[in-house]
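Colleague: Could you take me through this model, with the cut-offs behind each term?

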Amino acid sequence: MQKQGDEMAWEALFGVDHCSPLWHYYANFDAISLIREYEDPERGPKKGHIVNFQGVAVNTAFLPHVLAGKEGQVEACPIPANWHADIAEWAAAFRAVELARDSFTMIELGCGWGCWMNNTGAAARKRGLPLHLIGVEADAGHLRFAAEAMHTNGFSAEQYTLIRGVAGVRTGRALFPKQDLPGAHWGLEPVFDDDPEQFALQQQSGLYEEVPIIALATVIGDRRRIDLIHIDIQGGEADFVEQNIATLTERVAYLLIGTHSKPIEGKLFDVLLKAGWHLDIERPLLFSLRDGQPVTGIDGVQGWLNPRIGSVPPFN
């Protein structure tokens, strides 16, 4: 979950007040009970880190504008939310772990510090599942954060793969904004090579680094089943899903998607329902109006289940 726009106006949504719109999600399962199953009662503080309800530790230096002053804190269950995600997103992530079979393999696109790699990995580990966690990220500094977080939270080098680049349908080149201080900015967007003239101009500006576009099929490789793909790519979610729908339907059991606009939400409904996917949990994007225009406050969440891969649990 990402706060945008007027930070002060949306801060109240993160309280436990039942008036918070973060309570208003739709689900085919008991989302709150599922989240509580993964609480670690033995978790404790860690110097320089904030520790969440699972016991996953995050270096507060990763997100100084959000986590400064929270060093040593131990969080309660994120009901209805913590600083990063709400009931719907946590529950969708754990739902994918719950539906995994004899192992758990996930891909986080735009992984940043590896949030969902670490959190679903910790949940899979609690279930005793062999696991492999894959992160794709364009920012070199954020990849270093991810590697540190994986080590901090006890994952071995054999249990995860970090890939620098931008996931797409095809191979190619992209430009990604440079950062002098990793963690200062999140949600930066790549420039793709579809328009050679514009690409060359941006390349010459010195403000970007060139990174590869990596086809989703390449990221998946020869793995027959991916239990979860987490997609939060700053407005490119619907196009990415549409362009990769054949691969997703063939190989992926569950999709957890962060949405950044109402048109994106609608397009995802259209594309995934037509492809036979089942909507499992959803909390719509929250926005305000400014001069008659919608301004995103908190990204939406959609969790989609693929009935072609494994059995579909009975809906409540």
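**Loops, sheet and cores**

Modeller: P80 lies in the loop between helix 3 (64-67) and helix 4, where helices (H or I, at least four residues) and strands (E, at least two) are DSSP runs numbered from the N terminus. This is a predicted model, in which local features need pLDDT of at least 70 and side-chain atom pairs count only at pLDDT 80 or more, while totals for chains, interfaces and linings use all residues. Residues are numbered from 1 along each chain as its sequence is written, and side-chain values use heavy atoms, with hydrogens and water left out.

Colleague: What is the omega of the peptide bond from I79 to P80?

Modeller: P80 belongs to the loop that joins helix 3 and helix 4. The peptide bond that leads from I79 into P80 is cis, with omega near 10°.

Colleague: What is the mean pLDDT of the protein chain?

Modeller: The term pLDDT is the predictor's confidence in each residue, from 0 to 100. Over residues 1-16 it stays under 50, and where pLDDT is low, the predicted coordinates should not be read in detail. In the protein chain 83% of residues reach 70 or more, and the mean pLDDT is 87.

Colleague: In what order do the 8 strands of the open sheet stand?

Modeller: Two strands pair if DSSP finds at least two bridges between them, and the pairing in this open sheet is mixed. Strand 12 (residues 254-259) and strand 16 (residues 300-305), for instance, pair in the antiparallel sense over 6 bridges, with G258 opposite V301 in strand 16. The order of the 8 strands is 1-13-16-12-11-4-5-6.

Colleague: Which strands stand at the edges?

Modeller: An edge strand here has a single partner strand, so one side of it is left without a neighbour in the sheet. The strands in that position are strand 1 (26-27) and strand 6 (160-164).

Colleague: Which element gives the largest share of the largest nonpolar core?

Modeller: A nonpolar core is a set of buried Ala, Val, Leu, Ile, Met, Phe, Trp, Tyr and Cys residues joined through side-chain atoms within 4.5 Å, and the largest here has 50 residues, with I35, F94 and I281 among those with the most contacts inside it. Elements giving two or more residues to this core include helix 2 (31-37), strand 4 (104-109) and helix 5 (115-126). The largest share, 9 residues, comes from helix 4.

Colleague: Is R283 buried or exposed?

Modeller: Buried means under 20% relative accessible area, exposed over 50%, and partly exposed in between, with a 1.4 Å probe and protein chains only. R283 is found in strand 13 (residues 278-283), and its C-alpha atom is separated by 8.8 Å from that of A27, 256 residues apart along the chain. Because its relative accessibility is 0%, R283 counts as buried.

Colleague: Is D291 buried or exposed?

Modeller: D291 lies in the loop between strand 14 (286-290) and strand 15 (293-298), and has a positive phi of about 55° although it is not a glycine. Because its relative accessible area is 78%, D291 is exposed.

Colleague: How many disulfides does a search of the whole structure find?

Modeller: A disulfide is a pair of cysteine sulfur atoms within 2.5 Å. Among the cysteines, C77 counts as buried at 14% relative accessibility, and C111 counts as buried at 3%. For the whole structure, the number of disulfides found is 0.

Conventions. Contact = heavy atoms within 4.5 Å.
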